[in-house]
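Work through the exercises below with the coordinates open. Try each task before reading its solution.

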Amino acid sequence: MSLKLRLERMKNPKSDVQHGKWRARVQKGEEVHLRELAERMQENCTLKVSDIYAVLTELVPTMKEELQAGKTVYLDGFGFFHLTVESDVVDRPQDFSIASNIRRVLCRFVPSGRRNQDHTITRDLCAGVKLDWLPEYDRGE
């Protein structure tokens, strides 16, 4: 299995550096939901699909509670989640209002990884991925 790539022409008239250039994009594949994950996981352990599904289903509201309490949620070997905010910039602290200047709350995910000797980071979920062009993709060669 591999990620399938296609090229996409960039449309950014505000940037002469990027506008009209080409970049690679991953073609999204099929969706996989909790039920399918539970069925796959059953093949590798002694738990039944219903047990795995119950645990995974309960993970979501439990994580939400912990995140909304300001905690960082670590799933060892997977990564961590934390909440951040996007806000407007103001000139003086007294000009800032949560109601007016917070644009949105975001949930960030950082996959687990390890630092290499060259100081780069290898993300566990991305390590070993294979890349290939979409079968029907013609790059004009």
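## Exercises on a predicted model

**Exercise 1.** Classify phenylalanine 109 and phenylalanine 81 by burial, then describe their ring pair.

*Solution.*
- Step 1. Phenylalanine 109 has a relative accessibility of 32%, so it counts as partly exposed. The partly exposed class lies between 20% and 50%.
- Step 2. Phenylalanine 81 has a relative accessible area of 16%. Buried means under 20%, so phenylalanine 81 is buried.
- Step 3. Keep in mind that the model is predicted.
- Step 4. Now count ring pairs: there are four aromatic pairs. One of them joins phenylalanine 81 and phenylalanine 109, with 4.8 Å centre to centre and 40 degrees between the planes.
- Step 5. Planes under 30 degrees apart count as stacked and over 60 as edge-to-face, so this pair is tilted.
- Step 6. Place the partners: phenylalanine 81 sits in strand E4 (residues 79-87) and phenylalanine 109 in strand E5 (residues 102-111). They are 28 residues apart, and the pair links distant parts of the chain.
- Step 7. Extend the network: ring pairs link Phe78, Phe81 and Phe109 into a cluster.

**Exercise 2.** Work out the layout of the sheet that holds strands E1, E2 and E8.

*Solution.*
- Step 1. Read the order: E2-E1-E8, an open sheet of three strands with mixed pairing.
- Step 2. Find the edges: strand E2 (22-26) and strand E8 (131-133) each pair on one side only.
- Step 3. Take the angle: on average, neighbouring strands of this sheet are turned by 45 degrees against each other, direction ignored.
- Step 4. Examine one pairing: E1 and E2 run antiparallel and are joined by five bridges.
- Step 5. Pick a bridge: glutamate 8 has arginine 23 in E2 as its partner.

**Exercise 3.** Which residues form a nonpolar patch on the surface? Place leucine 3 in it.

*Solution.*
- Step 1. The members are Leu3, Val26, Val129 and Leu131. Together they have about 340 Å² of accessible area.
- Step 2. Leucine 3 belongs to strand E1 (residues 3-9).
- Step 3. Its relative accessible area is 36%, so leucine 3 is partly exposed. Patch residues need over 30%, and leucine 3 passes that cut-off.

**Exercise 4.** Locate aspartate 51 and give its separation from glycine 20.

*Solution.*
- Step 1. Aspartate 51 lies in helix H2 (residues 49-68).
- Step 2. Aspartate 51 is partly exposed, because its relative accessibility is 36%.
- Step 3. Along the chain, aspartate 51 and glycine 20 are 31 residues apart. Their C-alpha atoms are separated by 51 Å.

Note on methods. Residues numbered from 1 in each chain as written. Predicted model: local features only at pLDDT ≥ 70, side-chain atom pairs only at ≥ 80, totals over all residues. Heavy atoms only, no water. Helix = DSSP H or I, 4+ residues; strand = E, 2+ residues; numbered from the N terminus. Buried < 20%, exposed > 50% of the residue type's maximum accessible area, 1.4 Å probe, protein only. Patch = residues over 30% accessible without salt bridge, like charges linked within 9 Å, V, L, I, M, F, W, Y side chains within 5 Å. Areas by Shrake-Rupley, 256 points an atom, 1.4 Å probe, with all protein chains shown as cover. Salt bridge = Lys/Arg side-chain N within 4 Å of Asp/Glu carboxyl O. Pairing = 2+ DSSP bridges. Axes fitted to C-alpha atoms, helices over the stretch in contact; angles between N-to-C directions. Phe/Tyr/Trp six-rings, centres within 6.5 Å; stacked < 30°, edge-to-face > 60°.
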